[in-house]
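This briefing covers how two chains meet, how two of their helices pack, and what lies in a nonpolar core. Look at the sequence and the structure before reading the points.

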Amino acid sequence: MRVAAQIDVSAPREVVWDWITDPARQLHFLSGVTRWEVCGDQQRGCGARYRMLMRVGSAEVGGLVEVVEFDEPGDMAWTSVTGLDQRGRWRLREVGPGRTHVEFRLSYGVAGSGLFGWISEQVAAPTVNGHLRRSLQQLKRSVEHDQLRRAAAERRGARASA
Amino acid sequence: MPWALRAARAGPHRLGSMSETTAAKGSLNGHSTNGRMHDEEPAAPRASGASLPGRLARAVAGAVQSRIPVADLDERDPDYIRESLPRLWLLASLYFRGEVRGLGNIPEYGPVLLVGNHSGGNVTPDTHVFTLAFSAYFGVERRFHQLAHNLVLSMPGLGMLRKYGTVAASHSNAHKALESGAALLVYPGGDYEVHRPVWESGHVDFGGRKGFIRLALDHDVPIVPVVAIGGQETSLFLSRGEHLAKLLQLDKLFRLKVLPISLAIPWGLNVGDMMGHWPLPAKITIEVLPPINLREEFGPEPDHQEVYDHLMRLMQETLDALAAERRLPVLG
C-alpha cells in the first residue's frame, strides 16, 4: 500500500531538510510515531539506521529502517531491515524564494501475508494517511515558528546593537 | 467472509491454548496435584476404577496425553508469525479494539518473565492482543514463548500453535525457554482464573500459585506484570464447576481443576467450553507494568509470599484503574 501527503512550507529548503534529517526532532513532528531512535553510531546520512514505531490500530508497527538515499537537500529515502516491509521518502523542492514543497511518501505491507495482508493494508490506510498529513502540518508549524523566532531574535539583536 | 470464519475457527483453540500455563498448576505452582513435579510430560494417569466408564476415561486421557507434543523451542517460526500478523491485527483492531500500553516497560533484551492475569474462558482474546502487540513492537526476531495447557496443545489441528512458540506448561519447558534468552509469558491463574464467574471479573486471582516466583529466581530474570481487562466480558461465565470436575476426576485424568459453565454463543448453556465459543466483541485493554527485579527489591532470598502479595496488590490496583476507565461492559 502506498500513501503520500504534501504541503508547502514557508522556509528555505535547507532549513526544512535540517528538520527532517535530524533524528532528535522526529518525535516533535511525526504524528503517531512512538519511537524513533538511532541504532549505531551514524546519526544521519546514507547507511544510518533507526528503530521506528508507529501506532496503527491495536499495535505499534515498524521496525529497523536504514537510509538508502541521502541526496542533500532534496531527497531522503529509507527501507526496512526488520519488521513491517516499508519504504519511505522525503522529497523537498523549491517553489519560490523561501518556500519549499514537501512530499512525504510511505509504502508498507507484509510480504507473504496474502489476502489478510491486503485487507489489513486497506484498513490501515486511512490511519496511516492521517498520520502523514498531520506530520506535515506539524512540520510546517514547527519550521515556520522556528523561522519566526529566529527572525525576531535577529531583529532584537540588530536593535540592541544599533 | 472467509477470514472471519478462519479467525473464528482458529481463535478459540489458539487463544485457549495460550491460556494456559497452569495446567501447569503442578508445574508453576511449585507443587503438583499428585504430589510430584511435572518435569517432563506427565505419565498416564493411574487407574481410577475398573468400571467401564473408568477404563474409557483412562483410555481417553492416555490418548490425549500421547498427543501432547514434546517441547521443542525451535518449532517457533518467525516467518509464520510475521505473515500471520496482519490477520491478528485485523481481529485485534477491528473486533476487540485492543489497546496495549507500556510495552516500553519490557526490557529490550534478554530473558524476562511476563506474568499476566487471564480472562475469556478457552477463548482468550487478551493473549491474542498481547501476542500481536509484543511481536509488532519487538519484532518477530525476538524469541517469545507462551506456556499452554496440555489439553489445548493436544487438540487436533493446532500444530500452528507451536509455530507461535507455544509449549506445554511444565517446569522443564519454562526453564528451557528462559535459558534460551526468550521472553516467556505465563498466566499463573490459568484455567482457574480464566473461568472465574463474571461477577469476579474485576479480580486478579492466581489461586495462590507461586511457582512462577521460583522460576524467576532460579533464572534471575525480572518479572513484568501484564494486566488485562475485557476478556471476561466476552461471554457470560457462571461457574468454574470445580466440584463437578472433581466428581468426574478430571483433575486426575487431564489435570483440569475446573469444568466451567457459561452462557455462550452459539451453544447457549456451555459446559466445559471444550469447543470454545464465539466471543463477544469486548474492548480489550492491556497495561504492562515496570519490571520487578526480585532480588533488588526483596533481598537476596526473597520471601515468596511477600513477593506474591506485592504482585497481587500491584496488579489488582492496575486492574481497578483500568475498570474505572470503562463506562459500559463489552463496549468499554
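In this predicted model, the contact takes 18 residues from chain A and 22 residues from chain B. On the side of chain A that touches chain B, strand E4 (59-71) and helix H3 (114-161) each supply at least two residues. H3(A) gives the largest share of that side, six residues.

**Make-up of the chain A side**
- The residues of chain A that touch chain B divide into eight nonpolar, nine polar and one charged.

**Packing of H3(A) with H4(B)**
- H3(A) packs with helix H4 of chain B, residues 78-95, at an angle of about 45°.
- The axes of H3(A) and H4(B) are 8 Å apart.
- H3(A) is therefore oblique to H4(B), because an angle counts as oblique when it is neither roughly parallel (under 35 degrees), roughly perpendicular (65 to 115) nor roughly antiparallel (over 145).
- The two helices, H3(A) and H4(B), cross in a left-handed way.
- From H3(A), the residues at this contact are Phe116(A), Gly117(A), Ile119(A), Ser120(A) and Val123(A).
- They meet Pro86(B), Arg87(B), Trp89(B), Leu90(B) and Leu94(B) in H4(B).
- Sorted by class, the contact of H3(A) with H4(B) has seven nonpolar, two polar and one charged residues.

**The largest nonpolar core**
- The largest nonpolar core has 108 residues, of which Leu113(B), Ala133(B) and Leu184(B) touch the most other members.
- Leaving out residues up to four places away in sequence, Leu113(B) touches Leu184(B), Val186(B), Phe212(B), Leu215(B), Ala216(B), Val221(B) and Ile223(B).

How values were computed
Residues are numbered from 1 along each chain as its sequence is written. Chains are lettered from A and ligands numbered from 1 in the order in which they are written. This is a predicted model: local features need pLDDT of at least 70, side-chain atom pairs count only at pLDDT 80 or more; totals for chains, interfaces and linings use all residues. A nonpolar core is a set of buried Ala, Val, Leu, Ile, Met, Phe, Trp, Tyr and Cys residues joined through C-beta atoms within 7 Å. A residue is buried if 20 or more other C-beta atoms lie within 10 Å of its own, exposed if 12 or fewer, and partly exposed in between; C-beta atoms are placed from the backbone. Two residues are in contact if their C-beta atoms, placed from the backbone, lie within 7 Å. Helices (H or I, at least four residues) and strands (E, at least two) are DSSP runs, numbered from the N terminus. Ala, Val, Leu, Ile, Met, Phe, Trp, Tyr, Cys and Pro count as nonpolar, Asp, Glu, Lys and Arg as charged, and the others, Gly among them, as polar. Axes are lines fitted to C-alpha atoms, for helices over the stretch in contact, and angles run from 0 to 180 degrees between N-to-C directions. A crossing is left-handed if the near helix is turned anticlockwise from the far one by less than a right angle, and right-handed if clockwise.
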